[in-house]
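Biologist: Could you walk me through reading a protein model? I'm new to this, so please go one feature at a time.

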Amino acid sequence: MNAIWMPYRQMKTAAPPLAVAMTDGSRIFLKDGRVLIDGIASWWTAVHGYNHAHIEAALIHQAKTMPHIMLGGLLHEQAAKLATRLAALLPGDLNRVFFSESGSVAVEVAMKMAVQYWLNQGVRKRTKFIAFKGGYHGDTFATMAVCDPEEGMHSLFSGTLAEQFICELPRDGESEDALDRFLGDYAGEIAGIIVEPLVQGAGGMLFHDEQTLQRLRKLADKHDLLLIFDEIFTGFGRTGVMFASQAAEVVPDIMTIGKALSGGVLPLAATVASEKVFAAFWSDDPLHALMHGPTFMGNAMACAAANASLDLFETENRVLAANEIGKQMSQELGRCLSLPGVVDVRVRGAIGVVELEKIADLEGLRQRFVAEGVWIRPLRNVVYLTPALTIAENDLSRLTEAVEKVLKSGVA
């Protein structure tokens, strides 16, 4: 245990991580014999629950056939099949799928695509991005620069990151007019606009409506900017539709997907471009190619898991399940509104959020949830649930009851 460096933890003072023996469905089995109901699906990835038999079978078959082969000059069936299925599933003409291994890299690829889109057309000054307060897009250097600089996680790196434009989301006509004026002054420097559609995740589970996305599409078109939707968190049913962009009937120019793409089984992400964006790279000039290639991009086993995951979305109505989960959370988490320190309860699809005035001791609060037999990891000033879309009603009730009980005790 001394050799491993854990994420998001002060290793000197944090409690030791919990040793996991196995998983099944929505349960985490610890080596000490305790069993936890998982309320966050391993950072929102395990949409079908753990150890789903269909995905396991696909992985076993692929491991025997071909675990991995580089995509540099070679292609395998699972990647080709997955790209074709995603192109058919995603809205509009989002047809060109570039694979990577993580969400942060997928966002970096989207930013690189957007800048090179302009460079390939001889436009050299459009290198910056519009991003939004409350946003989170990853932990790598380029993605940190388009996160909310006041969010705290990356504030240590202030002054070392590329300077981007961090603005208010255009939630109403007044803020739309303000962003319009800003773009009128700076559009010549901007390659694109990047946003988490409908829900800003790690920045605080902040919600906005469909009209906000429609305003962004209108402004992007008016000022000739590329619009990037980061659906790494919101994609694959989490918000109550397959992709958040579909709820707003808005087609971005580039979309990033990940997390639940492989059913939460193996690292896999993708950056998907429209035909308009891809056309800027379709050239006889080798310098106009997208010069990016993660070593394990399109990993055969990860793609096999993703294809199996898409099978489950086709045969078992996960979007309906997400909305049923939302109905139950609305009713059960709603009881928390009367608790001291609670300022809001909000639900969208299979995302349930209890916002507090503050959380003084995050680690202490997390340990209280473990004591109640649930795995819930509050962030910033919110306690949230993003369970598997296959979670049983009684298990979901155990999660919501734990939230109410712990918050009622005043430990936050």
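## Salt bridges, domains and a buried acid

Modeller: Let's start with E316, which is partly exposed because its relative accessible area is 31%. Keep in mind that this is a predicted model.

Biologist: Okay, so which residue does E316 form a salt bridge with?

Modeller: The partner is R318, and the closest N and O atoms of the two are 2.7 Å apart.

Biologist: Is R318 buried or exposed?

Modeller: The cut-off for buried is under 20% relative accessible area. R318 has 5%, so R318 counts as buried. That gives you a bridge with a buried arginine and a partly exposed glutamate.

Biologist: How many salt bridges are there by this rule?

Modeller: The count comes to 21. One of them pairs E176 with R215, with 3.5 Å between their closest N and O atoms. E176 sits in helix α6 (residues 173-186) and R215 in helix α7 (residues 210-222), so to speak two distant parts of the chain, 39 residues apart, get linked. E176 and R215 are buried.

Biologist: And what about E355 and R346?

Modeller: Their side chains meet in a salt bridge too, at 2.6 Å from N to O. E355 is buried, and R346 is as well. Salt bridges can also share partners, and in that way R85, D311 and E314 are joined into one network.

Biologist: Let's zoom out. Which domains is the chain divided into?

Modeller: Two pieces of sequence, 20-51 and 317-409, make up domain 1, while domain 2 covers 66-315. Taken over C-alpha atoms, the domain centres are 27 Å apart. For the contact, domain 1 supplies 26 residues and domain 2 supplies 29 residues.

Biologist: How do people put a size on an interface like that?

Modeller: The size is often given as the accessible area lost when the parts come together. Here, about 2,300 Å² is buried between domain 1 and domain 2, and carbon and sulfur atoms give 63% of that area.

Biologist: Which residues in domain 1 lose the most area to domain 2?

Modeller: Those are W44, R348 and R380, and together they account for 31% of what the domain 1 side buries.

Biologist: What about salt bridges and polar contacts between domain 1 and domain 2? How many are there?

Modeller: The count is 1 salt bridge, alongside 10 residue pairs in polar contact. Look at R348 again: its side chain meets that of E210 in a salt bridge, 2.7 Å from N to O.

Biologist: Which helices and strands supply the domain 1 side?

Modeller: At least two residues each come from α1 (41-44), α11 (318-333), β13 (342-348), β14 (351-356) and β16 (382-385). The largest share, 4 residues, comes from α11. Sorted by class, that side of domain 1 has 16 nonpolar, 6 polar and 4 charged residues.

Biologist: One last residue, please. Where does D395 lie, and is D395 buried or exposed?

Modeller: You'll find D395 in helix α13 (residues 393-408). D395 counts as buried because its relative accessibility is 5%.

Biologist: And which residues does D395 touch?

Modeller: Leaving out residues up to four places away in sequence, D395 touches R27 and I37.

Methods:
Residues are numbered from 1 along each chain as its sequence is written. This is a predicted model: local features need pLDDT of at least 70, side-chain atom pairs count only at pLDDT 80 or more; totals for chains, interfaces and linings use all residues. Side-chain values use heavy atoms; hydrogens and water are left out. Buried means under 20% relative accessible area, exposed over 50%, partly exposed in between (1.4 Å probe, protein chains only). Contact means heavy atoms within 4.5 Å. Domain bounds come from an automatic or database domain assignment. Buried area is the accessible area (1.4 Å probe) that two parts lose on being put together, summed over both. A salt bridge is a side-chain nitrogen of Lys or Arg within 4 Å of a carboxyl oxygen of Asp or Glu. A polar contact is a pair of N or O atoms within 3.5 Å; within protein, one must be able to donate a hydrogen and the other to accept it, and residues adjacent in sequence count only if both atoms are side-chain atoms. Ala, Val, Leu, Ile, Met, Phe, Trp, Tyr, Cys and Pro count as nonpolar, Asp, Glu, Lys and Arg as charged, and the others, Gly among them, as polar.
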